[in-house]
Structure formats: structure tokens, C-alpha cells
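How are the words used for a protein fold tied to values? The questions below take some of these words one at a time.

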Amino acid sequence: MTTSTPTSELHEDWFDERWVAHWIDRQRAREPQRNRQFGLLRAMLPFGVDTEFTYLNVGSGPGTFDELVLQRYPRARSILVDVSPLMLERARERLRRFADRTSYIQADFSTRDWTSALDDTHVHAVVSCIAIHNLREPALIRALYADLYGLLVDGGLFLNLDYVRMPAAELQAMARWAGADPEGGFMPGGGGSGMPGTADEQVGWVREAGFIAADCFYKEFRLALFGGCKGALRVPEAR
Ligand SMILES: C[S@@+](CC[C@H](N)C(=O)[O-])C[C@H]1O[C@@H](n2cnc3c(N)ncnc32)[C@H](O)[C@@H]1O
């Protein structure tokens with residue numbers, strides 16, 4: 001963020017350099033939580049370290065999660081999709097050393113033709129972190145889940161770490177209360193009230209798109225990690 005722009009004057013706009021810089025800057029303070037959350041997501045990728053696979057990160061932002069995947073999996077290929085050219089530029093910088101295994105698509109996943117750039121690509125997993133809630137409308141999210149199902153190969157996994165609405169208003173107070181105990185380990189509480197779906201609803205939409213073994217794999221108040229598999233889920237026997 002430029003020093004001349006007070007934080008109070010910024011609003012969420014992924015095409016505004018000042019907002020993007022501010023958002024990225026703010027994540028530094030959240031690094032321990034984000035590392036933990038990204039760790040959960042990465043742990044669920046059902047691939048041995050030497051496996052060659054391609055995954056899509058929908059709403060990739062600056063490529064923070066992708067760095068973790070590319071580091072662990074030397075034969076993984078990442079396709080980063082984001083509506084924001086500024087975010088994709090940040091990701092390109094961050095992932096420069098993996099340039100031969102990364103590609104970037106600027107696309108708006110609220111449109112129904114956003115997958116056209118991916119024709120014939122074999123996608124073994126789709127991930128998303130704190131991005132799809134931006135669609136706001138359940139109908140758009142359900143359409144996106146159907147698109148993602150269509151992109152995946154048989155056995156492909158979809159994992160979405162995102163904000164959800166808590167199913168009861170009083171849980172807002174509980175989230176704040178529990179989040180204020182530093183030894184509890186919860187992220188600071190509250191929020192989530194304007195989110196398009198509860199975790200249960202989201203899992204229902206994943207199932208409706210055709211995924212099986214759909215579930216919420218992790219949840220704390222307004223944050224959930226959920227998803228499902230296109231056809232039978234195959235998991236390696238041991239790490
Ligand atoms: C909160 S950021 C999260 C970025 C990244 N996943 C992370 O966790 O570091 C949300 C991202 O979703 C992207 N995004 C929002 N709406 C989108 C849309 N309709 N199509 C594609 N990307 C979108 C934004 O540009 C932004 O990079």
C-alpha cells in the first residue's frame with residue numbers, strides 16, 4: 001500500500017493495486033494461521049511426492065499455497081486461475097523458480113465460459129482458498145462447482161477452504177469468545193455472517209455437482225475445508 005492511502009479509504013477491489021498490496025501485506029500477520037490452513041489442504045492431496053499431476057488453483061491470489069505444493073511435489077504442475085492480473089503478477093514473481101511447472105489464466109469464474117482456456121487439460125485436483133465466497137450468490141457457486149466437476153479427470157479431487165456462514169447467530173459471540181483465548185488456537189473470531197452458505201449447504205452443493213465422498217473435512221466457526229471426489233477416491237497407502 002502506498003503510504004498516502006489510508007486503510008479506511010480502501011475497499012475490496014482485486015483490480016486496485018493499493019487494495020492488492022494492502023491485502024497481501026495483511027496476510028503477513030496471519031501467517032501462522034494461514035500456514036496451518038494451507039498445511040491441512042496440502043496434506044489432503046492424495047499424491048505420492050514423485051507423482052506427476054496437474055492441479056488447478058481457483059482464485060489463486062499471489063500463489064502462496066502453490067509455492068507449498070510445488071516445493072513438496074517436484075513433478076506437480078500448477079495452473080493458477082484468478083480474475084486479477086495484479087494477483088497473477090504477484091504469483092508469477094513468487095513462483096519464478098518453478099516457471100517450467102506453472103501456468104496462469106486470467107479468468108472470471110462467475111462467467112460460464114471461463115473454462116475455455118483449459119480445454120483438453122487433464123486436471124487431477126482442484127483447490128481453492130478463501131476465494132469462491134466472492135461469488136456471493138449460491139446459484140453462481142453451484143454453477144462453478146459443476147464447471148469444476150467437468151474439468152476433473154475421473155478420480156479427481158476438489159478441495160475448497162473458504163469462509164462459511166455459521167448456522168446460528170449466537171455462534172458469532174462464541175467465535176469471538178473462543179478466539180480471544182490465545183491458548184485455544186482458534187483464529188480470532190466473529191465474521192462470516194454475509195457468507196453465501198453454511199458448511200452443510202456448501203457440502204450439499206458439492207454433492208449436487210456430482211462429487212462423491214463429499215464432506216466437510218475441517219471446520220472452525222467461519223472457516224471450513226470441504227470438497228469431494230469425481231468418482232472413486234484413490235489414496236496412496238503410505239507417505
Ligand atoms: C482473498 S483472496 C485469496 C487469494 C489466495 N487464494 C490466498 O488464499 O492467498 C481472493 C482471490 O480470489 C480472486 N477472485 C475473486 N473473485 C474472482 C472471480 N470472480 N474469478 C476469479 N478470481 C476471483 C481475487 O482476485 C483474489 O486473488
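The model shown is predicted, and the turns that follow deal with its sheet, its helices and one loop residue.

Q: What makes β3 and β6 the edges of the sheet?
A: The open sheet has 7 strands in the order β3-β2-β1-β4-β5-β7-β6, with mixed pairing. β3 and β6 each have a single partner strand, so one side of each is left without a neighbour in the sheet. From one strand to the next, the twist averages 15 degrees.

Q: How do you know that β2 and β3 pair, and in which sense?
A: Two strands pair if there are at least two bridges between them. Strand β2 (residues 76-82) and strand β3 (residues 102-106) are joined over 5 bridges, in the parallel sense. Therefore they count as paired. Opposite serine 78 stands threonine 102 in β3.

Q: What makes β6 and β7 a pair, and how do they run?
A: The cut-off is again at least two bridges, and 6 bridges join β6 to strand β7 (residues 223-229). The two strands run antiparallel. Cysteine 216 has phenylalanine 226 in β7 as its bridge partner.

Q: Which elements make the β-α-β unit, and what is its hand?
A: The unit consists of β2, helix α4 (residues 85-94) and β3, and it is right-handed.

Q: Why is α5 called oblique to α7?
A: The axes of helix α5 (residues 138-151) and helix α7 (residues 199-208) cross at roughly 40 degrees and come within 8 Å. Angles under 35 degrees count as roughly parallel, and 65 to 115 as roughly perpendicular. The angle of roughly 40 degrees fits neither class, so α5 is oblique to α7. The crossing is right-handed.

Q: Which residues make the contact between α5 and α7, and how do they divide?
A: From α5 come Pro138, Ile141, Arg142 and Tyr145, and from α7 come Gln202, Trp205, Val206 and Glu208. These residues divide into 5 nonpolar, 1 polar and 2 charged.

Q: Which strands does each of these helices lie across?
A: α5 lies across β1, β4, β5 and β7, and runs at about 145 degrees to β5. α7 lies across β5, β6 and β7, at about 155 degrees to β6. Angles over 145 degrees count as roughly antiparallel, so α7 is roughly antiparallel to β6.

Q: Where does threonine 115 lie, and what is it in contact with?
A: Threonine 115 is in the loop between β3 and β4. Apart from neighbours within four places in sequence, threonine 115 is in contact with Asp147 and Leu151. The C-alpha atoms of threonine 115 and leucine 144 are separated by 9.9 Å, and the two residues are 29 residues apart along the chain.

How values were computed
Residues numbered from 1 in each chain as written. Predicted model: local features only at pLDDT ≥ 70, side-chain atom pairs only at ≥ 80, totals over all residues. Heavy atoms only, no water. Axes fitted to C-alpha atoms, helices over the stretch in contact; angles between N-to-C directions. Helix = DSSP H or I, 4+ residues; strand = E, 2+ residues; numbered from the N terminus. Left-handed = near helix turned anticlockwise from the far one by under 90°. Contact = heavy atoms within 4.5 Å. Nonpolar A, V, L, I, M, F, W, Y, C, P; charged D, E, K, R; others polar. Right-handed = clockwise from strand over helix to strand, strands pointing away.
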